[in-house]
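Hi everyone, thanks for coming. I'd like to walk you through one structure today, so please have a look at it on the screen before we start.

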Amino acid sequence: AVSKLNKKTGIFETYSLNTVFDKNELDESTVLSLKVIDENNILVGCANSFLKLTINENGYDFIDLQAGFKKTHQRIYSIIHWKEDLYWAATKDGAFLYNDKSKKIKFFEHNPKKLNETISQGCIRINSIKFGLQQVLEG
């Protein structure tokens with residue numbers, strides 16, 4: 001679940017992941033990272049998925065942002081804003097760049113055959129690679 005403090009009442013509002021996952025998946029839906037986009041939109045990195053929480057006057061919705069993609073990038077340890085509508089996510093298997101406007105994801109992985117052209121092997125620390133990958137994207 002994700003909780004948000006209501007500053008007016010001092011009470012936490014809880015948004016349950018039960019709306020996204022069935023009972024078998026809930027064990028792997030632990031929230032590992034959050035990134036606030038604005039007051040009503042939050043990116044949520046879980047052990048098994050990448051979601052967007054949208055809060056509106058009718059309640060809330062979780063959107064699976066990896067729907068349609070291979071879910072190899074599990075365990076989203078960190079999410080940071082890079083620029084404009086772009087967000088980096090550090091995962092167990094590499095990193096990806098999420099565009100909140102287009103809803104597209106670009107994956108970056110280790111390739112042992114191209115050591116000088118890809119990210120290094122191991123856990124990704126997104127703060128140390130985000131500016132290095134800028135050259136890959138803009139070059």
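Let's start with a question: in what order do the four strands of the open sheet that includes β4 and β5 stand? The order is β3-β4-β5-β6, and the pairing is antiparallel. At the edges you will find β3, residues 31-38, and β6, residues 59-64, and each of these pairs on one side only. On average, and ignoring direction, neighbouring strands in this sheet are turned by 20° against each other.

Before we go further, please keep in mind that this is a predicted model.

Let's zoom in on one pair from that sheet. Strand β4 covers residues 41-46, and six bridges join β3 to β4. The two run antiparallel. If you want a spot to click on, try Asp38, which stands opposite Asn41 in β4.

Now let's step back to the whole chain. How many helices and strands does the chain have? There are two helices and 10 strands. Reading along the sequence, you meet them in the pattern β-β-β-β-β-β-β-β-β-β-α-α. The chain has 139 residues, and buried residues make up 36% of them. We can also ask about contacts across the sequence. Take the contacts between residues at least 6 apart in sequence: 39% of these join residues at least 24 apart.

On to another sheet. Here, too, four strands form an open sheet with antiparallel pairing, and the order is β7-β8-β9-β10. Why is one side of β7 and of β10 left without a neighbour in the sheet? Both stand at the edges, β10 being residues 104-108, and each has a single partner strand, so one side stays without a neighbour in the sheet. Neighbouring strands here are turned by 25° against each other on average, again with direction ignored.

Let's follow β7 a little more closely. Its partner β8 spans residues 86-91, and the two pair in the antiparallel sense over five bridges. You can pick out individual partners: Ile79 has Ala89 in β8 as its bridge partner, and His81 stands opposite Tyr87 in β8. Together β7 and β8 form a hairpin, with two residues between them. In that turn, Glu84 has a positive phi of about 50°.

One more residue in this strand: Ile80 sits in β7, which runs over residues 78-83. Is Ile80 buried or exposed? Its relative accessible area is 13%, and because the cut-off for buried is under 20%, Ile80 counts as buried. Ile80 and Leu43 are 37 residues apart along the chain, and their C-alpha atoms are separated by 9.7 Å.

Last stop: the largest pocket. How do we look for such spaces? Rolling a probe the size of a water molecule over the atoms shows where empty space is left. In the largest pocket, that space comes to about 190 Å³. Which residues line the largest pocket? They are Lys4, Leu5, Asn6, Lys7, Lys8, Glu13, Glu39 and Asn40. Strand β1, residues 2-6, gives the largest share of the lining, with three residues. Sorted by character, the lining has one nonpolar, two polar and five charged residues.

That's my tour. Thanks for listening, and do rotate the model yourselves.

How values were computed. Residues are numbered from 1 along each chain as its sequence is written. This is a predicted model: local features need pLDDT of at least 70, side-chain atom pairs count only at pLDDT 80 or more; totals for chains, interfaces and linings use all residues. Side-chain values use heavy atoms; hydrogens and water are left out. On a 1 Å grid over the protein atoms alone, a cavity is a set of points where a 1.4 Å probe fits but cannot get out, and a pocket is an open set with protein on both sides within 12 Å along at least five of seven lines; lining residues have an atom within 4 Å of a point. Grid points are joined across faces, edges and corners, and a volume is the space filled by probe spheres set on the points. Ala, Val, Leu, Ile, Met, Phe, Trp, Tyr, Cys and Pro count as nonpolar, Asp, Glu, Lys and Arg as charged, and the others, Gly among them, as polar. Buried means under 20% relative accessible area, exposed over 50%, partly exposed in between (1.4 Å probe, protein chains only). Two strands pair if DSSP finds at least two bridges between them. Axes are lines fitted to C-alpha atoms, for helices over the stretch in contact, and angles run from 0 to 180 degrees between N-to-C directions. Contact means heavy atoms within 4.5 Å.
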